[in-house]
Amino acid sequence: MTPSSNPFIALLDLFRSPVDCFTAVHQRPKWALVPYLLLILTPFGLWGSYFNQVDLVWLQDTLRNQLPQLTDENQLNWLSREVLLAGEVFSDILGRTASLLLLALWLNLATKNSKAPQPFGKWLAASCFIMLPTLIGDLASYLNVLFNPSQVLPNAADLNSLNAFIKLPMNHPWAAFASSIPLLAPWYIALSYIAVSLWCGIDRAKAIVIATLPWLLVVTVWPLLILTA
């Protein structure tokens with residue numbers, strides 16, 4: 001085991017040798033700034049490409065049909081290309097930052113009683129690397145937007161979401177759930193397991209539970225809330 005020598009090698013090691021990556025991140029948590037910047041900057045490229053390629057008239061008509069609150073004349077300004085682009089980028093940045101904070105908080109609380117508990121700051125650094133495979137979804141989505149001539153709504157444009165394949169309309173009660181569930185969640189779970197095992201000396205079964213439980217709660221509690229609404 002050889003810790004990554006710099007933050008850029010750590011990015012590569014996350015995919016080829018996660019143990020080396022997390023060993024280095026434990027020693028240098030400030031390296032997490034690099035993956036965090038990547039996670040919040042890639043939406044600019046993805047959504048910029050999407051709104052350059054999509055038929056804006058079709059998109060505006062579809063949004064007006066699916067979202068009744070946008071039918072008023074005074075709401076039409078919200079359907080301009082610039083406003084829609086800003087909304088999607090801001091939503092991604094806010095959502096990803098919140099996911100990192102929540103994941104770090106969970107890992108911090110769940111490992112408090114371990115042999116080697118870690119501070120919140122280190123788990124936040126680990127979370128930035130754990131969620132880094134999201135970039136693969138962004139790249140796949142970007143290429144799909146460029147080379148796929150079919151028109152898709154924004155909530156189905158991200159290939160890392162369940163809704164990219166079932167394509168629920170935006171006014172469907174399950175649309176938010178489907179567009180928020182990442183298909184790369186098993187990868188996030190595997191990386192969380194590695195970090196928890198490596199940093200805290202937790203046995204395999206407990207580390208698997210800690211890594212899996214937050215995602216399991218999302219895919220069980222959220223549907224229950226929808227069904228009971």
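**Exercise 1.** Which residues of helix 4 (residues 56–66) are buried? Work out how they are arranged around the helix, then see what sits on top of them.

*Solution.* Keep in mind that you're working with a predicted model.

- Step 1: Pick out the residues under 20% relative accessible area. In helix 4 that gives you Leu56, Leu59, Gln60, Thr62, Leu63 and Gln66.
- Step 2: Look down the axis of helix 4. The buried residues fall within an arc of 165 degrees, so they line one face of the helix.
- Step 3: Flip to the other side of helix 4, and you'll find Val57 and Asn65 exposed.
- Step 4: Now check the cover. Helix 3 (33–53) and helix 5 are included in what covers the buried residues of helix 4.
- Step 5: Finish at the start of helix 4, where a side-chain oxygen of Asp55 comes to within 3.1 Å of the backbone nitrogen of Val57.

**Exercise 2.** Find the salt bridges in the whole structure and sort out the setting of each.

*Solution.* The search turns up 3 salt bridges.

- Step 1: Start with Arg16 and Asp13, whose closest N and O atoms are 2.7 Å apart. They're 3 residues apart in helix 1, so about one helical turn separates them. Arg16 counts as exposed because its relative accessibility is 59%, while Asp13, at 5%, counts as buried.
- Step 2: Go back to helix 4, where the side chains of Asp61 and Arg64 meet in a salt bridge at 2.6 Å, N to O. Again the partners are 3 residues apart, about one turn of the helix. Asp61 has 34% relative accessibility and so counts as partly exposed; Arg64, at 26%, also counts as partly exposed.
- Step 3: That leaves Arg96 and Asp138, with 2.8 Å between the closest N and O atoms. This pair links distant parts of the chain: Arg96 is in helix 5 and Asp138 in helix 7 (residues 134–147), 42 residues apart. Arg96 counts as buried at 13% relative accessibility, and Asp138 is buried too, at 4%.

**Exercise 3.** Which members of the largest nonpolar core touch the most other members? Trace where the core comes from.

*Solution.*

- Step 1: The core has 37 residues, and the best-connected ones are Phe22, Trp123, Phe129, Ile130 and Met131.
- Step 2: Elements giving two or more residues include helix 1 (7–16), helix 2 (18–27) and helix 6 (120–130). Helix 10 supplies the largest share, 8 residues.
- Step 3: Zoom in on Phe129. Beyond its neighbours within four places in sequence, its contacts include Leu14, Phe22, Trp31, Pro35 and Leu191.
- Step 4: Don't miss the other core lying apart from this one: it has 16 residues, among them Leu46, Tyr50, Val145 and Leu153.

Terms used: Residues numbered from 1 in each chain as written. Predicted model: local features only at pLDDT ≥ 70, side-chain atom pairs only at ≥ 80, totals over all residues. Heavy atoms only, no water. Core = buried A, V, L, I, M, F, W, Y, C linked by side-chain atoms within 4.5 Å. Buried < 20%, exposed > 50% of the residue type's maximum accessible area, 1.4 Å probe, protein only. Helix = DSSP H or I, 4+ residues; strand = E, 2+ residues; numbered from the N terminus. Contact = heavy atoms within 4.5 Å. Arc of directions from axis to C-beta. Polar contact = N/O pair within 3.5 Å; in protein donor to acceptor, adjacent residues only side chain to side chain. Salt bridge = Lys/Arg side-chain N within 4 Å of Asp/Glu carboxyl O.
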